[in-house]
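Q: I'd like to learn how to read the contact between two domains of a protein. Could you walk me through one?

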Amino acid sequence: MLGFGTVGTGAFRMLHDNKKAIEDKIGLPVEVVRIGVKDLGKDRIAPSDLFTDDLWSIVDDPSIDVVVELIGGTDPACSLVERAIQNGKHVVTANKEMMAKFGSRLVQSAKDGKLDLHYEAAVGGGIPLIQPLKHQLAGNDVLQMMGILNGTTNYILTAMQQEGRGFEEVLKEAQAKGYAEADPTNDVDGFDTMYKISILASIAFGKQVPIESVYREGIRKVTKTDMAYAEILGYRIKLLGIVDAVSSESIRVRVHPTLIKKDHQLAHVNGVFNALWLRGDFVGDLMFSGRGAGSDPTASAVVGDLIDVGRNISANGQGSAIPYGTGMVTEPIDSLVSPFYLRLLVSDRPMVLSVIATAFGENRVSLAAMEMKALDEGLGEIVFLTHPCRESDFQTALKQIGEQDVVDTVANWFRVHDSK
Ligand code: HSE
């Protein structure tokens with residue numbers, strides 16, 4: 001094992017507690033023979049003679065069959081995994097950043113070496129997502145996937161929605177409880193979701209999604225005011241990773257806070273839970289949900305992968321890495337067709353609505369719903385929901401609206417999931 005943090009500790013415990021059942025399923029003994037860590041000084045649940053701070057000695061040890069990489073990040077994880085594969089070892093990893101950035105290359109090397117490279121724990125913690133996409137669902141053309149793939153942000157958004165509290169306040173509390181990291185960027189700015197949805201899209205569509213092509217927004221802009229309006233209009237706000245099949249050749253991958261109808265299954269995935277909803281041409285609509293992070297659920301995915309590797313070894317298999325190539329064609333966000341939510345603060349006087357409606361109309365944006373209320377100090381608050389329109393048209397209308405004298409502030413806007 002490389003790394004012995006939350007996931008490593010859970011995997012070690014599961015291998016220990018369920019040893020007999022796991023070995024019976026594989027048909028071979030399983031032994032953790034070495035654990036590589038940065039700091040040898042810490043107290044840990046595994047016997048101290050297993051630990052080394054020389055991670056390279058593990059990937060170079062000829063007596064080791066399988067390397068379980070749980071250190072995360074790309075450096076040195078990626079070089080260690082590459083060396084393990086060169087040395088003929090199967091690899092199990094939970095590393096989403098490494099797989100999102102270098103998955104195509106790593107899986108191909110494993111395939112060339114007739115080895116396994118499994119990464120179920122990289123996305124959705126304990127929820128089986130990667131294996132079903134690779135196998136049971138592989139015959140489908142996937143039309144759309146939408147995932148709540150980050151527990152930290154879902155915890156924050158759920159608390160904001162259920163308790164009417166603001167983003168900063170809930171984030172601070174989540175940090176104090178250890179649910180959110182001291183530097184929350186990776187989660188709240190959508191990087192974690194971007195890595196995870198990129199991996200799922202790469203498997204479902206057979207080519208690596210360059211992460212630079214993923215449109216990404218985090219949840220910092222979500223306010224309790226917007227949460228409350230969303231509720232009135234019949235929606236919840238969730239951070240979704242979304243993949244749309246745009247044509248037979250291209251997809252669009254995006255991560256952003258999204259208004260989703262309260263009657264959609266994803267609207268009911270709350271707290272630290274994760275979920276993936278997908279629509280396949282033959283299977284129809286499907287949703288997976290469960291615990292997307294944490295020691296035990298993620299260990300469950302790691303050990304499941306290990307059992308798969310063990311069964312292959314036991315059957316003298318040739319490895320079951322399923323490569324995906326490169327060259328995925330992706331569409332930019334500008335050509336997205338979506339409904340939008342817009343909240344404005346305006347002067348509370350005559351003609352305001354007609355000025356705004358003209359800007360929408362001139363840019364082919366049609367309105368579907370509206371909420372309005374007078375605030376103090378001569379201001380009014382107006383919230384619009386549009387019919388589906390082109391992102392570029394909505395953005396042009398928004399710019400035009402922001403320049404009107406009668407408009408005090410463009411307070412916020414979000415994309416809305418089109419439930420059709
Ligand atoms: N930081 C992630 C989350 C867990 O909040 O869901 C690991 O993927």
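Q: How many residue pairs are in polar contact between domain 2 and domain 3?

A: Happy to take that one. This is a predicted model, and it has 10 residue pairs in polar contact between domain 2 and domain 3, both residues of each pair being at pLDDT 80 or more.

Q: Which elements give two or more residues to the side of domain 2 that touches domain 3?

A: Look for α11 (224–233), β8 (235–245) and β9 (250–261). Of these, β9 supplies the largest share, with 6 residues.

Q: And by class, what residues does that side of domain 2 have where it touches domain 3?

A: There are 9 nonpolar residues, along with 6 charged and 4 polar ones.

Q: How many salt bridges are there between domain 2 and domain 3?

A: The count is 2. For a salt bridge to look up in the model, try R415 with E217, whose closest N and O atoms are 3.2 Å apart.

Q: Where do the domains lie along the chain?

A: Domain 1 comes in two pieces, 6–128 and 295–314. Domain 2 covers 130–291, and domain 3 covers 334–416. In the contact, domain 2 takes part with 19 residues and domain 3 with 15.

Q: What is the area buried between domain 2 and domain 3?

A: The general idea first: interface size is often given as the accessible area lost when the parts come together. Here, domain 2 and domain 3 bury about 1600 Å² between them, and carbon and sulfur atoms give 61% of that area. For scale, the C-alpha centres of these two domains lie 26 Å apart.

How values were computed: Residues numbered from 1 in each chain as written. Predicted model: local features only at pLDDT ≥ 70, side-chain atom pairs only at ≥ 80, totals over all residues. Heavy atoms only, no water. Domains from an automatic or database assignment. Contact = heavy atoms within 4.5 Å. Buried area = accessible area lost by both parts, 1.4 Å probe. Salt bridge = Lys/Arg side-chain N within 4 Å of Asp/Glu carboxyl O. Polar contact = N/O pair within 3.5 Å; in protein donor to acceptor, adjacent residues only side chain to side chain. Helix = DSSP H or I, 4+ residues; strand = E, 2+ residues; numbered from the N terminus. Nonpolar A, V, L, I, M, F, W, Y, C, P; charged D, E, K, R; others polar.
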